[in-house]
Amino acid sequence: MRYLLTLHMNPALWATLTDDQKNGVYEGHGAFIQLITESGEMVETKALAEPGETKTVQVKDGVAHTKTGGFVESDAFLCGYYVVDVESEARAVELAAKIPDAQYTAVEVRQVVHEG
């Protein structure tokens with residue numbers, strides 16, 4: 001089964017972390033990627049740009065309207081994800097707990113129900 005593990009960033013929270021804590025998160029991602037690559041559970045991972053670099057598009061009456069910024073207006077934003085291929089939801093949750101961001105914010109675990 002494949003699961004999407006989403007990472008969310010809250011800039012205000014990130015600003016409270018020490019440089020050592022921030023570096024621990026960065027280094028932790030390297031270790032996490034190594035773990036899931038060696039176990040064969042890695043499908044893909046992506047880091048995403050901040051909302052200020054995002055374009056949101058909505059079509060109304062056949063006309064595309066574009067704005068700068070994310071769709072959801074919030075202090076926290078989607079900053080990246082992992083897709084893992086695991087035996088069970090329990091294993092996906094176990095892996096999510098190993099992502100270093102989980103020490104400071106939540107990691108969402110969502111089953112992939114369709115791939116195109």
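Colleague: Where along the chain is aspartate 101 found, and between which helix and which strand?

Modeller: Aspartate 101 is found in the loop between helix H3 (89-98) and strand E6 (107-111), where helices (H or I, at least four residues) and strands (E, at least two) are DSSP runs numbered from the N terminus. This is a predicted model, in which local features need pLDDT of at least 70, side-chain atom pairs count only at pLDDT 80 or more, and totals for chains, interfaces and linings use all residues. Residues are numbered from 1 along each chain as its sequence is written, and side-chain values use heavy atoms, with hydrogens and water left out.

Colleague: Why is aspartate 101 said to have no salt bridge?

Modeller: A salt bridge needs a side-chain nitrogen of Lys or Arg within 4 Å of a carboxyl oxygen of Asp or Glu. For aspartate 101 the nearest side chain of opposite charge is lysine 22, which is 12 Å away, so by that rule there is no salt bridge. In this count Lys and Arg are positive, Asp and Glu are negative, and His and the chain ends are not counted. Aspartate 101 is also buried, a word that stands for under 20% relative accessible area, while exposed means over 50% and partly exposed lies in between (1.4 Å probe, protein chains only).

Colleague: Which residues is aspartate 101 in contact with, leaving aside its neighbours within four places in sequence?

Modeller: They are Leu7, Val25 and His29, contact here meaning heavy atoms within 4.5 Å.

Colleague: What makes a space a pocket or a cavity?

Modeller: On a 1 Å grid over the protein atoms alone, a cavity is a set of points where a 1.4 Å probe fits but cannot get out, whereas a pocket is an open set with protein on both sides within 12 Å along at least five of seven lines; lining residues have an atom within 4 Å of a point. Grid points are joined across faces, edges and corners, and a volume is the space filled by probe spheres set on the points. The largest pocket holds about 320 Å³ of space, and Asp101 is among the lining residues that lie nearest its centre, together with Leu7, His29, Ala47 and Cys79. Strand E5 gives the most to this lining, with five residues.

Colleague: How many cavities of 30 Å³ or more are there, and which residues line the largest cavity?

Modeller: The count comes to one, and about 80 Å³ of space lies in the largest cavity. Its lining includes Asp101 again, along with residues such as Trp14, Val25 and Tyr104. Strand E1 and helix H1 (11-16) are the elements that give two or more residues to that lining.

Colleague: How do you know that strand E1 pairs with strand E5?

Modeller: Two strands pair if DSSP finds at least two bridges between them, and eight bridges join E1 (residues 2-9) to E5 (residues 77-85), so the rule is met, and the two run antiparallel. One of the partnerships is that of leucine 5 with tyrosine 82 in E5. E1 also pairs with E6 in the antiparallel sense, over five bridges, and there the partner of threonine 6 is glutamate 108.

Colleague: Why do aspartate 85 and arginine 2 count as a salt bridge?

Modeller: Their side chains meet at 3.6 Å, N to O, and this distance is within the limit of 4 Å, so the pair is counted. The two residues are 83 residues apart, aspartate 85 being in strand E5 and arginine 2 in strand E1. Arginine 2 also forms a salt bridge with glutamate 115, with the closest N and O atoms 3.0 Å apart. Because arginine 2 lies in E1 and glutamate 115 in the segment after E6, that pair ties together parts that are 113 residues apart in sequence.

Colleague: Why is arginine 2 called partly exposed?

Modeller: Arginine 2 has a relative accessibility of 28%, which falls between the two cut-offs, so it counts as partly exposed.

Colleague: Why is aspartate 61 called exposed?

Modeller: Its relative accessible area is 83%, which is over 50%, so aspartate 61 is exposed. The residue is placed in the loop between strand E3 (55-60) and strand E4 (63-68), and its phi is near 55°, a positive value in a residue other than glycine. Most residues other than glycine have a negative phi.
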